[in-house]
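Please open the model in your viewer and keep the selection panel at hand. The stops below run from charged pairs to a helix, then to a loop residue and the cysteines.

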Amino acid sequence: MILPHGSLSLSSLEEQWLQPGIKGLPITAPLRQGAIGVQGWNVLHGDTSFPIGILKLPALQHNLAWMRDFCTRHGVLLAPHGKTTMCPQLFGAQLAHGAWGITLATVPQVQVAHRFGVRRVLLANQLVARSDLRALLQLLHDDPDFECIVLADALAGVARLAEEVAAHPLARPLQVLVELGLSGKRAGCRTPEEALTVARAIAGAPGLALAGFEGYEGLLVSDDRAADLRAVAAFVDQLCGLVLEADDEGLFTGAAILVSAGGSAYFDLVAQGLTRLHGVSRPLQPILRSGSYVSSDHGMYFEALAELDAREGRPAGEGLQPALEIWSVVQSRPEADLAILGMGKRDASHDSGLPLPLMMHRPGPGTPHALPPGCSIVKLNDQHAYLRLPEGPVREQLAVGDLVGCGISHPCTTFDRWPLLLAVDDSYSVRGACNTFF
């Protein structure tokens with residue numbers, strides 16, 4: 001295994017036979033996935049197909065250890081949002097580094113995680129569709145030791161949960177978190193009063209149990225950082241206040257009280273806020289759900305995490321490291337200041353900024369060279385990127401057939417473009433593969 005597996009059952013992935021046509025692989029005959037690491041491939045030598053999505057193992061390992069240490073230092077638990085990667089190998093590595101469970105967004109995602117051996121899931125989304133409710137309840141019925149905590153934000157949602165649980169009884173109550181939302185944003189109770197009303201309904205419904213409260217402060221991210229900090233602190237304070245009020249009313253019956261938040265921009269503020277909550281009747285489990293930390297990026301999270309490091313008083317460069325890159329070939333040099341790359345919207349995220357050109361390399365031995373300032377990708381088609389080149393030697397140096405390595409902004413919408421990513425070391429030698437299930 002190229003990463004620790006956290007007791008997950010991943011052997012089926014290593015034993016499966018990959019067929020020609022798998023994106024990024026240069027194979028012309030079936031190849032067992034577990035043999036990828038002994039093929040001697042190196043991305044910089046041009047041994048793979050292009051474009052290729054890669055995960056840099058040293059950066060992954062650094063990020064996994066960094067977040068484990070962060071959570072230990074702040075006294076919080078971690079249930080990383082698995083919808084970021086939908087990668088069982090990364091789920092296993094996160095669990096091996098102390099994750100309490102895995103957060104997911106849909107019932108099919110829960111089924112994937114369960115298939116590979118994840119034992120605790122936080123389903124951070126409203127569970128409403130009858131078919132999905134019944135599929136989850138069937139899973140919990142067939143495997144009573146599997147834990148899945150769900151959300152509700154309205155009396156109608158509580159009623160649907162209670163109705164289905166009554167029709168399909170479980171060995172133990174279905175654990176439900178009340179979601180606190182934000183005005184004008186997505187799901188969640190709009191006021192603490194609404195949240196308490198929903199909490200009382202859960203506590204009074206046969207077959208359900210109030211597990212705690214949760215929310216998502218990531219919707220508060222804006223260009224006004226000072227305002228963000230105040231808004232996040234106020235939101236976390238509201239969550240903590242709800243826990244105290246519900247506890248005073250005796251609404252909790254489980255062994256612990258859960259309170260959860262934490263996107264990938266302000267999770268330090270969430271950790272500080274949640275751990276200030278004291279005086280409840282039973283053990284408190286503060287849970288972060290940050291998912292993008294595992295790969296980080298070169299764009300939106302890179303900037304946000306630099307600010308987090310500054311708030312924590314940590315030297316620049318010691319924080320999370322970008323692990324995800326897309327490499328492609330220069331297909332055409334139709335104009336002096338333009339290179340057309342063989343990658344596009346089918347390969348890299350573009351919802352939170354276009355890919356960032358980092359390096360160039362002529363296939364073969366050696367170390368890639370940093371692209372000079374002023375190089376930028378200005379447009380993507382489905383399978384082409386427009387790389388503008390500034391005045392200078394790069395216009396003469398970059399040739400058809402050269403390789404260009406790009407960072408991305410927002411890993412969630414890059415992972416879903418790659419059913420298989422190659423894991424590489426610092427020299428870009430291929431050591432194995434990671435699968436995704438979107």
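A salt bridge is counted here when a side-chain nitrogen of Lys or Arg lies within 4 Å of a carboxyl oxygen of Asp or Glu. The model is predicted, so local features need pLDDT of at least 70 and side-chain atom pairs count only at pLDDT 80 or more, while totals for chains, interfaces and linings use all residues. Residues are numbered from 1 along each chain as its sequence is written, and side-chain values use heavy atoms, with hydrogens and water left out.

**Stop one: salt bridges**

Select Glu-335 and Arg-388, whose side chains meet in a salt bridge at 3.6 Å, N to O. Glu-335 lies in strand β12 (residues 324–335) and Arg-388 in strand β17 (residues 385–388), so this pair ties together parts that are 53 residues apart in sequence; helices (H or I, at least four residues) and strands (E, at least two) are DSSP runs, numbered from the N terminus. For accessibility, buried means under 20% relative accessible area, exposed means over 50%, and partly exposed is in between, with a 1.4 Å probe and protein chains only. Glu-335, at 42%, counts as partly exposed, and Arg-388, at 30%, is also partly exposed.

Next, select Arg-289 and Glu-214, where the side chains form a salt bridge of 3.0 Å, N to O. This pair links distant parts of the chain, with Arg-289 in the loop between β11 (284–288) and α10 (300–312), Glu-214 in strand β9, and the two positions 75 residues apart. Arg-289 counts as buried at 6% relative accessibility, and Glu-214 counts as buried at 1%. A search of the whole structure finds 22 salt bridges.

**Stop two: helix α6**

Now select residues 155–167, the 13 residues of helix α6, which reach 18 Å from the first C-alpha to the last, close to the 18 Å expected at 1.5 Å a residue; the expected span is 1.5 Å times one less than the number of residues. Which residues of α6 are buried? They are Gly-157, Val-158, Leu-161, Ala-162, Glu-164 and Val-165. Seen down the axis of α6, these buried residues fall within an arc of 170°, so they line one face of the helix; the arc is that of the directions from the helix axis to the C-beta atoms. The face turned away from the buried side carries the exposed residues Ala-156, Ala-166 and Ala-167.

Within the helix, pick out Glu-164, which is buried at 2% relative accessible area and whose side chain meets that of Arg-130 in a salt bridge of 3.3 Å, N to O. Arg-130 is partly exposed, with a relative accessible area of 25%. Adding Arg-134 and Glu-163 to the selection shows the network of salt bridges that links them with Arg-130 and Glu-164.

**Stop three: Asp-425**

Move to Asp-425, in the loop between β19 (420–424) and β20 (430–435), which counts as buried at 16% relative accessibility. A polar contact is a pair of N or O atoms within 3.5 Å; within protein, one must be able to donate a hydrogen and the other to accept it, and residues adjacent in sequence count only if both atoms are side-chain atoms. The side chain of Asp-425 makes such a contact with the side chain of Ser-427 (2.8 Å), and another polar contact of 2.8 Å joins the side chains of Asp-425 and Arg-431.

**Stop four: cysteines**

Finally, a search of the whole structure finds zero disulfides, a disulfide being a pair of cysteine sulfur atoms within 2.5 Å. Cys-406 is in no disulfide, and the nearest cysteine sulfur, that of Cys-375, is 10 Å away. Cys-406 counts as buried at 0% relative accessibility.
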